[in-house]
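Notebook open, coffee poured. I'm going through this one piece by piece and jotting down what I look up.

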Amino acid sequence: MNKHYEVIIIGAGPSGLGAALNLLKNGIKDILVIEQKEFPRYKCCAGYITNKTKKEYESLGLNINKCHYSLIKDFKIFYKYEEKQKIVNKFLFTNKNIDRIELDYEFYKLAKKKGIVILENTNIIRHNMNKNWIKINTQDTYTYDYLIFADGTTGYGSKYQKNKKRNIAMQLIEKTNRPDSIEIHFGVTKHGYGWVSTYKGTTNIGLTDVYNPKLNYNKIFKQYLKKLNIEGNTKNVKGAYTPIGIRKGLINKNIYYVGDAVGACDPLTLSGLRYGLYTGKICAKAISQKNNSIYKRSILKLKLKFIFMKLLLKIFYLKGILFLIFNVGCRLFNKLIAYVFNHFFINKK
Ligand SMILES: Cc1cc2nc3c(=O)[nH]c(=O)nc-3n(C[C@H](O)[C@H](O)[C@H](O)COP(=O)(O)OP(=O)(O)OC[C@H]3O[C@@H](n4cnc5c(N)ncnc54)[C@H](O)[C@@H]3O)c2cc1C
């Protein structure tokens, strides 16, 4: 089969479907989405969302209440397994299974309901960027006016990008009898943190670090579980990379990158859903207005923002700074730390 679409999107995650729904809103209906998995599908992610992310989803017509989100107020910060501070969480919402399956499935159902064509179990296997066509695993070929790579940090689109530093993030979801709470553990990895979130008997234990190929992260994860006294089946630990820094956003004037594929994930907090939806939206706007500068300007702004976050990441994880924050700051300026945490690191994301 050889068919033409105005826009082809690779990847049906939040950034890909966000782009599709925004294109539809802007009057472009001739869209094909290609997804390698079948929904409902697992995506390695804790699925936390902020108020802003919630609003972004709602603006596209998603009824977020269907996805069973709640606010766990009890938020604790640890350094080297010692509790340093309690914060009343005001803006970070958790899904009942502390994962992304339900959120992505509802988003997928919404896109389907609106008439977006999504080919599941489908992989892009060849691409000719000069002749504007792609070939998929069924050997069908599709031509396009615009192509959007929304296929994550290591998808097909990443072959046109320079290798950049990445974060690794791993998680394990287990049934436990821990009380409802969100714990953030610093000092578990060198340039990252661990988390333990429990909601009604479901616990998501995870950690992240700036990826260092010399480290054995499975071993680090096992040690982490042991320290936390959590007995978990480490065979079920899942991991994925998240980007550090914005990548090239546009190639050939008609090939765009959105979400993790363009690096739109906060390198310090791993907040990626909102930026995925945001880059999907600006990409759709640029395509529908045939004006690439809209997209380029916004990506540049994001780049500057993430350079700042990258710098914070470097400074924050210096040993002396960690010591000062957790042994002096948390004691003397705990209200200020709680405010900065709630407002700068969460509510603004
Ligand atoms: C452990 C972990 C925890 C995280 N926790 C959070 C959190 O709590 N909150 C938050 O906001 N962010 C979190 N993130 C970041 C967040 O998961 C990402 O930023 C977000 O998923 C990016 O969305 P996306 O649509 O760009 O990519 P994805 O969600 O990765 O979607 C890409 C899609 O493309 C498909 N695909 C890939 N390759 C191909 C191909 N060749 N052909 C067809 N389809 C393809 C994939 O199957 C997938 O469905 C976390 C990340 C990790 C790893």
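**Ligand shell**

I began with who feeds the shell around the ligand, and α1 gives the most, with three residues. This is a predicted model, so I read everything below in that light. Four elements each supply at least two shell residues: α1 (14-25), β11 (166-175), β15 (238-243) and α5 (273-288). I then checked which residues come nearest: of the 38 around the ligand, they are G11, G13, G152, G259 and G272. By class, I noted 17 nonpolar, 16 polar and five charged residues in the shell.

**α5**

Since α5 is among the shell suppliers, I looked at its geometry next. I find 16 residues in α5 and a reach of 23 Å from first C-alpha to last, close to the 22 Å expected at 1.5 Å a residue. Is α5 mostly enclosed or open? I get 14 of its 16 residues buried, so α5 is largely enclosed by the rest of the structure. Just after α5, I spotted K290 with a positive phi of about 50°.

**α3**

My next stop was helix α3, residues 101-113. Its 13 residues reach 18 Å from the first C-alpha to the last, close to the expected 18 Å at 1.5 Å a residue. I listed the buried residues of α3 as L103, D104, F107, Y108 and A111. Looking down the axis of α3, I see these buried residues fall within an arc of 130°, so they line one face of the helix. That pattern fits a note I keep for myself: an α-helix has 3.6 residues a turn, so residues three or four places apart point the same way. What does the buried side of α3 pack against? I have α1, β6 (93-95) and β7 (117-119) as the partners of those buried residues. After α3 comes G115, and I note its positive phi, near 95°.

**L225 and G232**

I picked L225, which sits in helix α4 (residues 217-227). I count L225 as buried because it has 21 C-beta neighbours inside 10 Å, and the cut-off for buried is 20 or more. Leaving out residues up to four places away in sequence, L225 touches I205, I230 and G232. For the I205 contact I also looked up the C-alpha separation: L225 and I205 are 8.1 Å apart in space and 20 residues apart in sequence.

That led me to G232, in the loop between α4 and β15. G232 has 18 other C-beta atoms within 10 Å, so I put it down as partly exposed. With the same sequence neighbours left out, up to four places away, G232 touches L172, E174, I205 and L225. I also looked across to F308, which is 76 residues from G232 along the chain, and their C-alpha atoms are separated by 36 Å.

**Whole chain**

Last, I zoomed out. I count eight helices and 17 strands in the chain. The C-alpha trace spans about 60 × 40 × 35 Å along its principal axes. For 349 residues a compact globule would have a radius of gyration near 20 Å, and I get 20 Å for the chain, which agrees. Of the 349 residues, 44% count as buried. How much of the contact list is between residues 24 or more positions apart? I have 71% of the contacts with a separation of 6 or more in that group.

Notes
Residues numbered from 1 in each chain as written. Predicted model: local features only at pLDDT ≥ 70, side-chain atom pairs only at ≥ 80, totals over all residues. Near = placed C-beta within 6 Å. Nonpolar A, V, L, I, M, F, W, Y, C, P; charged D, E, K, R; others polar. Buried ≥ 20, exposed ≤ 12 C-beta atoms within 10 Å, placed from the backbone. Contact = placed C-beta atoms within 7 Å. Expected span 1.5 Å × (residues − 1). Rg over C-alpha atoms; globule rule 2.2 N^0.38 Å. Arc of directions from axis to C-beta.
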